[in-house]
Amino acid sequence: MRDLESRLAARARGKEPSPIRELVRYMGIDGMISLGGGYPNPDTFVFDRIDVRFKGGESVALQGSELITASQYGPSNAHAALGRELIQWHQEKDGVELDPSRLVVLNGCQEGLYIAAYLFTDEDDSIALSEPAYPGALSAFKSFTRNFVSVPLDERGMVTVALEGELDRMAAEGEKLPKFIYTVPNGHNPGGVALATERKEHLLRIAAEHDLLILEDDPYQLVRLDDSDPPPTIQSMDSEGRVIRLDSFSKVFAPGLRIGYASGPEELMRQFVLFKQSSNLHTSMFIQAVLQKYMTKMGHDAFHAHIKDNCAFYRRNRDAMVDAAHEFLPHDVTYNVPNEGMFIWFVLPKSCDAKRMIDEQCEDLKVLLVPGSAFSTKGALKHCMRASFSMVTPQEIREGMKRFGEMVANEMARVG
Ligand SMILES: Cc1ncc(COP(=O)(O)O)c(C=O)c1O
């Protein structure tokens with residue numbers, strides 16, 4: 001494996017830890033009199049006690065030392081008690097043993113996408129991915145590079161054979177290889193597909209062959225619509241320390257809290273910590289404390305049970321959308337039935353122009369989907385549309401799909 005320094009983008013090389021932040025870990029030592037940090041005194045904080053009530057009637061209170069911890073500056077990697085919960089959560093969920101040096105709490109997966117691109121990509125570097133791709137990732141990546149090695153996505157996820165072919169070609173022709181491979185293994189946004197386990201193995205072999213990192217962005221892992229257990233993560237199958245994994249609580253707890261975590265090899269997570277030190281110091285201690293109190297109070301089994309209940313809600317909506325698609329869409333519109341996540345990707349006849357359909361018809365027909373070009377690095381996929389079934393009722397889904405069917409019929413009549 002290449003050394004870390006040579007993988008890093010110029011901007012991230014030789015970064016020094018914040019000399020003051022590095023002292024934080026000594027502050028918890030018994031009997032320490034710290035004249036060091038510039039923290040505000042907790043006696044001046046406004047909160048007396050914070051009560052949080054959850055649906056179902058359970059409640060937790062933040063008070064005393066826990067309240068001070070939640071209100072004060074904290075470590076850049078994780079709120080200590082939440083870090084312990086997450087290590088256990090990750091072990092139970094994925095069978096992967098972490099430790100505090102291999103975990104960094106983030107403001108959602110989105111921050112992890114930005115950090116990965118910040119750390120590894122110079123302007124003349126590229127990132128490998130499949131298309132359609134999550135626009136939030138494209139937006140984060142494009143802050144640093146406009147170069148993408150893109151391969152198709154099919155009903156079994158990223159077409160890894162195509163990736164292998166392209167990377168082999170690039171290597172043979174002496175082209176600079178991508179800095180990492182970006183993948184969404186479950187409930188792909190927008191593709192609504194999962195990456196097959198043998199393709200995960202293949203991806204790891206390709207990464208080993210070309211000495212690449214893999215960024216596993218997995219916010220829909222637990223949004224399972226078929227009641228199955230999640231398949232093995234790429235991280236859990238990695239024996240070489242090539243995977244940076246992003247987990248999110250947005251889809252299973254509350255997205256506005258902005259909380260998720262990155263995990264991976266210690267030297268890579270160290271770079272994530274250095275980024276946090278220089279960008280926002282750490283993810284909100286208050287938000288981390290709320291998640292920790294919830295996980296501790298409810299226990300992980302009850303948390304998983306709550307997530308399963310929500311999956312039943314999404315399953316009903318998925319089924320309503322699939323039924324209505326079957327009823328109202330012309331046969332030459334194809335789609336995959338997702339087993340995870342919140343999206344269905346509709347592929348219309350090639351002659352259709354999804355953006356024009358939305359621009360010209362959505363106001364009259366009162367139905368909105370996202371045109372496919374939003375998910376492409378090169379303005380392709382113009383004949384595709386993403387529909388989400390998360391925020392609507394089954395009745396609205398049926399009516400919406402009926403209107404979408406009308407929109408497609410109008411477009412097909414127009415293009416012949
Ligand atoms: C594939 C994918 N990655 C990342 C994110 C961002 O997740 P978070 O809310 O954890 O930042 C989303 C949100 O929709 C997503 O669909």
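Q: In which loop does P190 lie?
A: The model is a predicted one, in which local features need pLDDT of at least 70, side-chain atom pairs count only at pLDDT 80 or more, and totals for chains, interfaces and linings use all residues. Residues are numbered from 1 along each chain as its sequence is written. Helices (DSSP runs of H or I, at least four residues) and strands (runs of E, at least two) are numbered from the N terminus. On this basis, P190 lies in the loop between β7 (180–183) and α7 (197–210).

Q: What is omega for the peptide bond from N189 to P190?
A: P190 belongs to the loop between β7 and α7. The bond that leads from N189 into P190 is cis, with omega near 15°.

Q: Which residues are joined by a cis peptide bond with omega of about 10°?
A: One partner is found in the loop between β4 (126–131) and α5 (135–142), namely P132. With omega of about 10°, the cis peptide bond joins E131 and P132.

Q: What is the phi value of R258?
A: R258 is placed in the loop between β9 (243–248) and β10 (260–263). This residue is other than glycine, yet its phi is positive, near 55°.

Q: Which residues come nearest to the ligand?
A: The ligand has 13 residues around it; a residue counts as near if its C-beta atom, placed from the backbone, lies within 6 Å. N189, which precedes P190 across a cis bond, is one of those that come nearest. The full set of nearest residues is G108, Q110, N189, S248 and S250.

Q: Which helix gives the largest share of the shell around the ligand?
A: The largest share amounts to three residues. They come from the helix that covers residues 108–120, which is α4.

Q: Why is α12 described as oblique to α13?
A: The axes of α12 (residues 354–365) and α13 (residues 394–415) come within 10 Å. Axes are lines fitted to C-alpha atoms, for helices over the stretch in contact, with angles from 0 to 180 degrees between N-to-C directions. Angles under 35 degrees count as roughly parallel, over 145 as roughly antiparallel, 65 to 115 as roughly perpendicular and the rest as oblique. The pair is therefore oblique, as the axes cross at roughly 135°.

Q: Which residues of α13 make the contact with α12?
A: Two residues are in contact if their C-beta atoms, placed from the backbone, lie within 7 Å. From α12, the contact involves M357, Q361 and L365. From α13, it involves R403, E406, M407, N410 and E411.

Q: What does the C-alpha trace of the protein span along its principal axes?
A: The protein has 13 helices and 14 strands. Along the principal axes, its C-alpha trace spans about 80 × 60 × 35 Å.
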